[in-house]
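Good morning, everyone, and thank you for making room for this on the agenda. I would like to walk through one model with you, going from the overall fold to a few local details.

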Amino acid sequence: LQFLYLIDITSTHPHNTMPVTTEIDTARDVFVAQRGTSSNDDNASRAQQITALRYALYNASKLVYPTEYPLPPAGDGSAIFKAADEAGEGIVTYKEMSKYIGRNQSTLKIKLQEGFEEFNDQFSIEDLRDMDAATFMGIWQAAAKVRDMSADEKKAHVEAYKAGKAAKAAEAQAKKDAEAAARAAELAAVREQKEAEKKADQ
């Protein structure tokens, strides 16, 4: 609570909460704008300032503000790619990105919301292909568009994606089953032929 001195006590009166809510909004804007280029200590200090302002407002007026935080900006994906590109080569494999996503799943889910599943499905731990920043950013930005859709658009998009995903999975399984059946039939035919040849020899 070391940042409480920043608050004008008169502005926390129950009938005069607007100045304090404005201070909270301003503090949050500064935090969001500078967190990517600031040290962990500076980010922690700014986050603490926001908490202090919110506590002061609640203690004075019993008002919780904001009641719901807006989503963090999704960004263009360049920072995510840079973090995954630990060697700084400008290239990562789909496998490496899949591992990075697995380690940071909670944060990425918050950023992409309903678009995360579609995004995550683009990567596989078995995929050794190389990918550059532009390719990744295209995948990221396509997924980020989903979270900005209206509620009805999101629902329709997600349902359509899941239906398509289920159809592809069913198709792949049917193909796998057909191949297994063909192999089994082939083996059975070979066994029958051998048995027939064996009987003929007798």
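**The loop after α2, and what surrounds it**

Let me begin with lysine 62, which sits in the loop between α2 and α3. Please keep in mind throughout that this is a predicted model, and that every value I quote is computed from it. Is lysine 62 buried or exposed? Its relative accessibility is 57%, and it therefore counts as exposed. The backbone deserves a look as well, since the phi of lysine 62 is near 60 degrees, which is a positive value in a residue other than glycine. As background, most residues other than glycine have a negative phi, and most peptide bonds are trans.

That second point matters for the next residue in this part of the chain, proline 66, which lies in the loop between α2, residues 40–61, and α3, residues 78–84. The peptide bond leading from tyrosine 65 to proline 66 is cis, with omega near -10 degrees. Tyrosine 65 also gives us a link to helix α1, in that its C-alpha lies 9.5 Å from the C-alpha of valine 20, although 45 residues separate the two in sequence. Valine 20 is a residue of helix α1, and with a relative accessibility of 0% it counts as buried.

A positive phi turns up at glutamine 113 too, where the value is near 55 degrees, again in a residue other than glycine. Glutamine 113 belongs to the loop between α5 and α6, the latter covering residues 116–120. Its relative accessibility of 31% means that glutamine 113 counts as partly exposed.

Stepping back to the whole chain, the protein has eight helices and two strands, and read from the N terminus the elements follow the order α-α-α-β-α-α-α-β-α-α. Of the 202 residues in the protein, 27% are buried. If we take the contacts with a separation of 6 or more, 65% of them are between residues 24 or more positions apart.

One pair that illustrates such a separation is threonine 26 and isoleucine 50, which are 24 residues apart in sequence, with 9.2 Å between their C-alpha atoms. Threonine 26 is located in helix α1, and it counts as partly exposed because its relative accessibility is 43%.

Isoleucine 50 brings us to the second largest pocket, since it is one of the lining residues, together with Arg28, Phe31, Val32, Arg35, Tyr69, Pro70, Leu71, Pro72 and Pro73. In general terms, rolling a probe the size of a water molecule over the atoms shows where empty space is left. The space in the second largest pocket comes to about 210 Å³. Which element gives the most to the lining of this pocket? It is helix α1, residues 18–34, with three residues. By residue class, the lining of the second largest pocket has eight nonpolar residues, two charged ones and no polar ones.

Now to a packing contact between helices, that of α5, residues 105–112, with α7, residues 133–147, whose axes are 8 Å apart and meet at an angle of about 60 degrees. With that angle, α5 and α7 are therefore oblique to each other. On the α5 side the contact is made by Leu108, Ile110, Lys111 and Leu112, and on the α7 side by Trp140, Ala143, Ala144 and Arg147. Sorted by class, the residues of this contact of α5 with α7 are six nonpolar and two charged, with no polar ones.

I will finish with serine 98, which is placed in helix α4, residues 94–103. Why does serine 98 count as buried? Its relative accessible area is 17%, and the cut-off for buried is under 20%. If we leave aside its neighbours within four places in sequence, serine 98 is in contact with Phe123, Ser124 and Ile125.

Note on methods. Residues numbered from 1 in each chain as written. Predicted model: local features only at pLDDT ≥ 70, side-chain atom pairs only at ≥ 80, totals over all residues. Heavy atoms only, no water. 1 Å grid on protein atoms, 1.4 Å probe; cavity = no way out; pocket = protein on both sides within 12 Å on 5 of 7 lines; lining within 4 Å. Points joined across faces, edges and corners; volume = space filled by probe spheres on them. Helix = DSSP H or I, 4+ residues; strand = E, 2+ residues; numbered from the N terminus. Nonpolar A, V, L, I, M, F, W, Y, C, P; charged D, E, K, R; others polar. Buried < 20%, exposed > 50% of the residue type's maximum accessible area, 1.4 Å probe, protein only. Axes fitted to C-alpha atoms, helices over the stretch in contact; angles between N-to-C directions. Parallel < 35°, antiparallel > 145°, perpendicular 65-115°, else oblique. Contact = heavy atoms within 4.5 Å.
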